[in-house]
Amino acid sequence: MFGRRAQASATAAADGTPAAPVTIKVSKAGKDIDGSVLLAPVSLTVRSGRCVVLRGANGSGKTTLLKIIAGALEPSTGSATLDDGPLDERDAATRARVAALVGSPTAYRDLTLIDHLVLIDSTWGGAIDTADERADDMLAALEIDHLSERFPHELSSGQQQLFHLAMVLFRPSQVLLLDEPEQRLDTHKREVLTQILLSRKAAGTALVVACHDPVMTSALGDKVLDITGA
Ligand SMILES: Nc1ncnc2c1ncn2[C@@H]1O[C@H](COP(=O)(O)OP(=O)(O)OP(=O)(O)O)[C@@H](O)[C@H]1O
């Protein structure tokens, strides 16, 4: 499923190797469809170990911008690049470096939470003999390890959000894109998540986070970009 080079680089990050330097550059990227403006042109740069928080009213274009950076949506104007190269989620080289939680990831009714993480781990070349333990550690970091044998449809909405975060955080990445990761989380879980994201930053991950929570915004953001809409 993944190119050999992409898989090797992903495995290195999973082993705890310091993340290679990375730069995401967005230059006057905008999006319109049939005359409707989804995103007015915007520019940003984010590098390893830094976090840009996207702030703005409902409908201002934050999700659209994250989709462009994830390589899931072509901008109508301007560009978005990863180390001066293309961003295309259908390309293994992009997927190996960029992990995004934009909308709900696919989950399987017949797999438990821990099954999902072990499956993701095997996709990215994790060692089979330690997969269960590492998956459990990921769930424990988000304080949902007691739910490891549940199925996704047996979770509350906040627990589901934590599970979705676990799926994205568990796989290796140099760039993390998160669309309102705080949604449906209580105050304590927002603090837990903030600490995890700060650790990822310290380890060299580049983050772009759309966020409506002012506490998380000031804790995480090296730069806050106001998305003002059309
Ligand atoms: N497929 C589409 N076709 C036309 N307009 C769209 C489409 N998807 C989104 N939009 C519009 O684009 C604008 C930006 O949407 P987007 O989801 O990026 O906003 P957002 O800032 O993430 O909002 P929220 O804070 O509510 O999540 C909105 O006005 C929305 O209605």
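**Exercise 1. Determine whether G158 is buried, partly exposed or exposed.**

Solution. The structure is a predicted model, in which local features need pLDDT of at least 70, side-chain atom pairs count only at pLDDT 80 or more, and totals for chains, interfaces and linings use all residues. Residues are numbered from 1 along each chain as its sequence is written.

Step 1. The criterion counts other C-beta atoms, placed from the backbone, within 10 Å of the residue's own: 20 or more make it buried, 12 or fewer exposed, and values in between partly exposed.
Step 2. G158 has 14 C-beta neighbours inside 10 Å, and therefore counts as partly exposed.
Step 3. G158 belongs to helix α6, residues 157-170. Helices (H or I, at least four residues) and strands (E, at least two) are DSSP runs, numbered from the N terminus.
Step 4. Residues up to four places away in sequence being left out, G158 touches R184, L185, D186 and K189; contact requires C-beta atoms, placed from the backbone, within 7 Å.
Step 5. L220, 62 residues from G158 along the chain, has its C-alpha atom 21 Å from that of G158.

**Exercise 2. Identify where R184 lies and what sign its phi takes.**

Solution.
Step 1. R184 lies in the loop between β6 (175-179) and α7 (187-202).
Step 2. Most residues other than glycine have a negative phi. The phi of R184 is nonetheless positive, near 70°.
Step 3. R184 counts as partly exposed because it has 13 C-beta neighbours inside 10 Å.

**Exercise 3. Give the strand order of the antiparallel open sheet, and describe its pairings.**

Solution.
Step 1. Two strands pair if DSSP finds at least two bridges between them.
Step 2. The sheet has three strands in the order β2-β1-β4, with antiparallel pairing. Its edge strands, β2 and β4, each pair on one side only. On average, neighbouring strands are turned by 15° against each other, direction ignored.
Step 3. Helix α2 (residues 62-69) packs on this sheet and touches β1, β2 and β4, its direction making about 125° with that of β1. Such angles run from 0 to 180 degrees between N-to-C directions, with axes fitted to C-alpha atoms, for helices over the stretch in contact.
Step 4. Strands β1 (residues 23-33) and β2 (residues 36-47) are joined by eight bridges, and V26 stands opposite L44 in β2.
Step 5. Five bridges connect β1 to β4 (residues 77-82). In β4, I24 has L82 as its bridge partner, and S27 has S79.

**Exercise 4. Characterise D34 in the hairpin of β1 and β2.**

Solution.
Step 1. The hairpin has two residues between its strands, and D34 is found in this loop.
Step 2. D34 is not a glycine, yet its phi is positive, at about 50°.
Step 3. With 4 C-beta neighbours inside 10 Å, D34 is therefore classed as exposed.

**Exercise 5. Reconstruct the parallel open sheet and identify its edges.**

Solution.
Step 1. Five strands follow the order β5-β6-β7-β3-β8, with parallel pairing.
Step 2. β5 (98-101) and β8 (223-226) each have a single partner strand, so one side of each is left without a neighbour in the sheet.
Step 3. Neighbouring strands are turned by 15° against each other on average, direction ignored.
Step 4. Within the sheet, β3 (residues 51-55) and β7 (residues 206-210) pair over four bridges; the partner of L54 in β7 is A210.

**Exercise 6. State which residues of the largest nonpolar core touch the most other members.**

Solution.
Step 1. A nonpolar core is a set of buried Ala, Val, Leu, Ile, Met, Phe, Trp, Tyr and Cys residues joined through C-beta atoms within 7 Å.
Step 2. The largest core holds 59 residues, and I69, A166, L177 and V209 touch the most other members. Its largest share, seven residues, comes from α6.
Step 3. Neighbours within four places in sequence aside, V209 contacts C51, V53, L54, L178, P181 and L220.

**Exercise 7. Describe the shell around the ligand by residue, class and element.**

Solution.
Step 1. The shell comprises I33, S36, L38, G56, N58, G59, S60, G61, K62, T63 and T64; a residue qualifies if its C-beta atom, placed from the backbone, lies within 6 Å of the molecule.
Step 2. By class, two residues are nonpolar, eight polar and one charged. Here Ala, Val, Leu, Ile, Met, Phe, Trp, Tyr, Cys and Pro count as nonpolar, Asp, Glu, Lys and Arg as charged, and the others, Gly among them, as polar.
Step 3. β2 and α2 each supply at least two residues, and α2 gives the most, with three.

Terms used:
Two residues are in contact if their C-beta atoms, placed from the backbone, lie within 7 Å.
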